[in-house]
Amino acid sequence: MTPEEIQNIESEIIDVLKNIYDPEIPVNIYDLGLIYDVDYTPDGKVHIRMTLTAPNCPMADMLVEDIHTQVSKTKGVSEVVVEIVFDPPWDKSMMSEEALMELGML
């Protein structure tokens with residue numbers, strides 16, 4: 001698999017993540033800044049490093065399950081691992097300009 005093919009699959013995964021919304025905030029998890037890293041390997045494994053808006057987020061399990069379900073549908077993906085981290089801690093500065101506009105914060 002070429003580096004370009006890997007990059008294309010990672011881009012497709014990011015597009016999938018942009019269609020998953022935090023149920024408490026009307027912004028997708030990617031533009032919200034919750035996704036820190038997407039790493040796809042040629043054997044079909046995807047490792048996603050993400051955080052939550054708060055360590056005690058009651059929707060954490062639902063978000064992780066939704067990520068597994070949706071990303072697993074991507075062609076070439078055989079396994080999805082979601083790692084929740086809190087370093088660096090999430091803050092509003094991690095949001096995309098689109099997310100800030102959507103929430104009226106820009």
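Select α2 together with β2 and β3 to begin: in this predicted model, helix α2 lies across both strands, in contact (heavy atoms within 4.5 Å), and runs at about 150° to β3. Angles here run from 0 to 180 degrees between N-to-C directions, with axes being lines fitted to C-alpha atoms, for helices over the stretch in contact. Helices (H or I, at least four residues) and strands (E, at least two) are DSSP runs, numbered from the N terminus. Residues are numbered from 1 along each chain as its sequence is written, and side-chain values use heavy atoms, with hydrogens and water left out. Because the model is predicted, local features need pLDDT of at least 70 and side-chain atom pairs count only at pLDDT 80 or more, while totals for chains, interfaces and linings use all residues.

Keep the same selection and follow the chain: β2, α2 and β3 make a right-handed β-α-β unit, where right-handed means that, with the strands pointing away from the viewer, the path from the first strand over the helix to the second runs clockwise. Strand β2 (residues 45-50) and strand β3 (residues 79-84) pair in the parallel sense over six bridges, pairing being assigned if DSSP finds at least two bridges between two strands. On this side of β2, K45 stands opposite E79 in β3.

Next, add β1 (residues 35-40), which pairs with β2 in the antiparallel sense over five bridges. I35 stands opposite M50 in β2, and D39 has H47 as its bridge partner in β2. Four residues lie between the strands of this hairpin, where G44 takes a positive phi near 95°.

With the three strands displayed, an open sheet of mixed pairing can be traced in the order β1-β2-β3. The edges are taken by β1 and β3, each with a single partner strand, so one side of each is left without a neighbour in the sheet. On average, neighbouring strands of this sheet are turned by 15° against each other, direction ignored.

Now select α1, which lies across β1 and β2 and runs at about 140° to β1. The axes of α1 (residues 3-17) and α2 (residues 60-72) come within 10 Å and cross at roughly 135°. The two helices are therefore oblique to each other, given that angles under 35 degrees count as roughly parallel, over 145 as roughly antiparallel, 65 to 115 as roughly perpendicular and the rest as oblique. Their crossing is right-handed, that is, the near helix is turned clockwise from the far one by less than a right angle.

To inspect this contact, show I13, V16 and L17 in α1 with I67, Q70 and V71 in α2, which they meet. These residues divide into five nonpolar, one polar and no charged. Centre on V16, which, leaving aside its neighbours within four places in sequence, is in contact with Q70, V71 and T74. A distance label from V16 to D43, 27 residues apart along the chain, should give a C-alpha separation of 19 Å.

Finally, go to the loop between β3 and α3 (97-102), where P88 is found. The peptide bond from D87 to P88 is cis, with omega near 5°.

How values were computed
Ala, Val, Leu, Ile, Met, Phe, Trp, Tyr, Cys and Pro count as nonpolar, Asp, Glu, Lys and Arg as charged, and the others, Gly among them, as polar.
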